[in-house]
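User: Please walk me through this model. I want short answers, each with its reasoning.

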Amino acid sequence: MAKNYTNRELSARYPTDLPAWKKLATHFRDDMRDATLRELFARDKKRAGKFELQSGDLTLDYSKNHLTATTRKMLTQLARQADVPAAIEAMFAGDAINKTEGRSVLHVALRAKIADTVALETPGVSEVWEVLTKMESFVERVHSGEIKGSTGKKLSDIVNIGIGGSDLGPVMASRALRTYWKDGMRFHSVSNVDGTQLHDLIRELDPESTLFVVCSKTFTTLETMTNANAARTWIIEQLDELAVQYHFVAASTNHAAMDEFGIRSDFRFGFWDWVGGRYSLWSAVGLSLALVVGMDSFKAVLSGGRRMDLHFRQSPLDENMPVLLALIGIWYNNFFGAQSQAILPYDNRLDRFPAYLQQLQMESSGKSVRMDGKPVRCDTGMIIWGEAGNNAQHSFYQLLHQGTRLVPVDFLLSESSALATANCEAQAEALMNGTSDDDIEPYRVHAGNRPSNTIHYRKMTPEVLGQLIALYEHKVFIEGVIWGIDSFDQWGVELGKRLANERILSRGE
Ligand code: F6P
């Protein structure tokens, strides 16, 4: 039984009542609101090195932000006063920090090693390695051709059917790791409910070599079940009824529904209620990814995630990358009043990473009631948006450079492309410095003073991807701890789902 997380541990006090919050408000008003980034760099020639942090393969340059060493100190005091260290330990211990659903939050257990002793007594945790072994054997047998389609053809086209966390993770990661795809394997995905994706996709597919991976924690989600049933009908039409057993596997927690669908027991991959949808890529929901990139690469993603977990658990707050990103986010959100944040990867392989982070951050932090049931007294989740960098430059950067709103940016930079690096660095500089020429027409002026983080890495690898995802997962968690919200529930999506189901039933569809 997961330990009940008490209100004290949940930061019972409003963050706005904490002494550090009050100090930050004064510091903002007196020292920071009007200080420009150019001034901060002019005041301290060594600034760049002082606001840079390394963790594993990732380097975070946060020097181009409206903060000083004093700001950082006050922000880490805020984290301490909000009981962030205790909250981190509570997560790894398996306490029920998802209070509204009474659940532990243990995606970290999915990438842990036994020696990490992550909540080993929590039901299901000791089964993690069993499922991983079952996935490994399945993936290898598909690759070797031992597991075949119903007519004996090798399975080469993997179609992930899911939505939300059961889609965004596999889709984002398979694109990020395109260079790691095994010869002959192809990844496809279907998520939307209107049927067009599946319709277009099956025109290109050979049913004999297609394997559908139905990913749904609940196995009841309307979109997923509509698509899975349509795919099932297609397989029966093209092959026969028996073929369903060869061409469908599932990642789910709902065995009764998998029975009804006809998923055979050795083609089922389970996970547990302590894995949230948006954190499920690390679980059996990663099966479609593992089938395409191979188990070694999938395990390398897990080990990247673990590497970030160790950093997160062991580093002091002011040298802790996820904690710092969270605090910088709070600084802009709650003190500068920024409403949105742009995620701009200068790495085309990460083109779906902004969409992935939209769910991770907005489903986690889009809350206006605290865990103690009381309304929040400050803004919570920012609106997250973004696009691969160069495409974005030719699309919405106009607003970033000359619009009226403050939009803090996270650049994600793969140093493997010299052109991408030059573009990313140029944009960060232009946002910060703007133009210094006084004689130009007003419409040409770039005021600058616009903040950004740059997270850079040598090249995209499975390990790097794992570190990046875990970095943002923990960032979101820490913001939630400070605001006192439950970052792991998603009640806000339930009403719309229920109303849609009622309409469908009343139409007899
Ligand atoms: O729409 C909300 C949500 O519950 C997400 O959190 C989740 O990722 C998605 O639906 C899919 O749910 P399932 O995996 O149960 O089909």
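**Burial, domains and charge pairs**

Analyst: Lys367 has a relative accessibility of 14%, so this lysine counts as buried. The model is a predicted one.

User: Where is Lys367 found?
Analyst: Lys367 is buried, at 14% relative accessibility. Its place is not in a helix or strand but in a loop, the one between α15 and β9 (383–386).

User: Which side chain does Lys367 join in a polar contact of 2.7 Å?
Analyst: The side chain of Lys367 also reaches a backbone oxygen, that of Glu363, at 3.3 Å. Beyond four places in sequence, Lys367 touches residues including Arg278, Val376, Ile485 and Phe488. The side-chain partner at 2.7 Å is Asp489.

User: How many residues are in the largest nonpolar core?
Analyst: Residues with the most contacts inside this core are Phe138, Phe353, Leu468, Tyr472 and Phe477. Helix α19 (residues 462–483) gives the most to the core, with 13 residues. Domain 1 and domain 2 each supply at least three residues. The size of this largest core is 152 residues.

User: Which residues does Leu468 contact, leaving aside neighbours within four places in sequence?
Analyst: Leu468 is among the residues with the most contacts inside the largest core. Its partners beyond four places in sequence are Leu58, Leu350, Phe353, Leu412, Ile455, Tyr457 and Met460.

User: How many residues does the other core hold?
Analyst: This other core lies apart from the largest one. Its members include Ala392, Tyr397, Phe411 and Cys424. The count is 15 residues.

User: What separation do the centres of domain 1 and domain 2 have?
Analyst: The domain assignment gives domain 1 as 2–95 + 315–493 and domain 2 as 125–299. Centres are taken over C-alpha atoms. The separation is 34 Å.

User: What area is buried between domain 1 and domain 2?
Analyst: The contact takes 26 residues from domain 1 and 18 residues from domain 2. Carbon and sulfur atoms give 62% of the buried area. That area is about 1,900 Å².

User: How many salt bridges does the rule find across the interface of domain 1 and domain 2?
Analyst: Polar pairing between the domains comes to ten residue pairs in polar contact, both residues at pLDDT 80 or more. On the domain 1 side, α15 (353–365) and α19 each supply at least two residues that touch domain 2. The salt bridges across this interface number two.

User: What is the N to O distance between Arg175 and Asp351?
Analyst: Side chains of opposite charge can pair when their charged atoms come close. Here the side chains of Arg175 and Asp351 meet in a salt bridge. Their N to O distance is 2.8 Å.

User: Why does the salt bridge of Arg307 and Asp57 tie together parts that are far apart in sequence, and by how many residues?
Analyst: The side chains of Arg307 and Asp57 meet at 3.5 Å, N to O. Arg307 lies in helix α13 (residues 295–314), while Asp57 is in the loop between β1 (52–55) and β2 (58–61), so the pair joins parts whose distance in sequence is 250 residues.

User: Which residue is linked with Asp57 and Arg307 in a network of salt bridges?
Analyst: Arg307 is partly exposed at 38% relative accessibility. Asp57 is partly exposed at 30%. The residue that is linked with them in the network is Glu463.

User: Are Glu473 and Arg111 buried or exposed?
Analyst: Glu473 forms a salt bridge with Arg111, with the closest N and O atoms 2.8 Å apart. Glu473 sits in helix α19 and Arg111 in the loop between α5 (84–93) and α6 (128–144), 362 residues apart. Both Glu473 and Arg111 are buried.

User: How far apart are the closest N and O atoms of Asp44 and Lys50?
Analyst: Asp44 is partly exposed, with a relative accessible area of 22%. Lys50 is partly exposed too, at 43%. The two form a salt bridge, and their closest N and O atoms are separated by 2.9 Å.

User: What separates the C-alpha atoms of Thr233 and Leu132?
Analyst: Thr233 lies in helix α9 (residues 222–238). Thr233 is partly exposed, at 41%. Leu132 is 101 residues away along the chain, and the C-alpha separation is 30 Å.

Methods
Residues are numbered from 1 along each chain as its sequence is written. This is a predicted model: local features need pLDDT of at least 70, side-chain atom pairs count only at pLDDT 80 or more; totals for chains, interfaces and linings use all residues. Side-chain values use heavy atoms; hydrogens and water are left out. A nonpolar core is a set of buried Ala, Val, Leu, Ile, Met, Phe, Trp, Tyr and Cys residues joined through side-chain atoms within 4.5 Å. Buried means under 20% relative accessible area, exposed over 50%, partly exposed in between (1.4 Å probe, protein chains only). Helices (H or I, at least four residues) and strands (E, at least two) are DSSP runs, numbered from the N terminus. Domain bounds come from an automatic or database domain assignment. Contact means heavy atoms within 4.5 Å. Buried area is the accessible area (1.4 Å probe) that two parts lose on being put together, summed over both. A salt bridge is a side-chain nitrogen of Lys or Arg within 4 Å of a carboxyl oxygen of Asp or Glu. A polar contact is a pair of N or O atoms within 3.5 Å; within protein, one must be able to donate a hydrogen and the other to accept it, and residues adjacent in sequence count only if both atoms are side-chain atoms.
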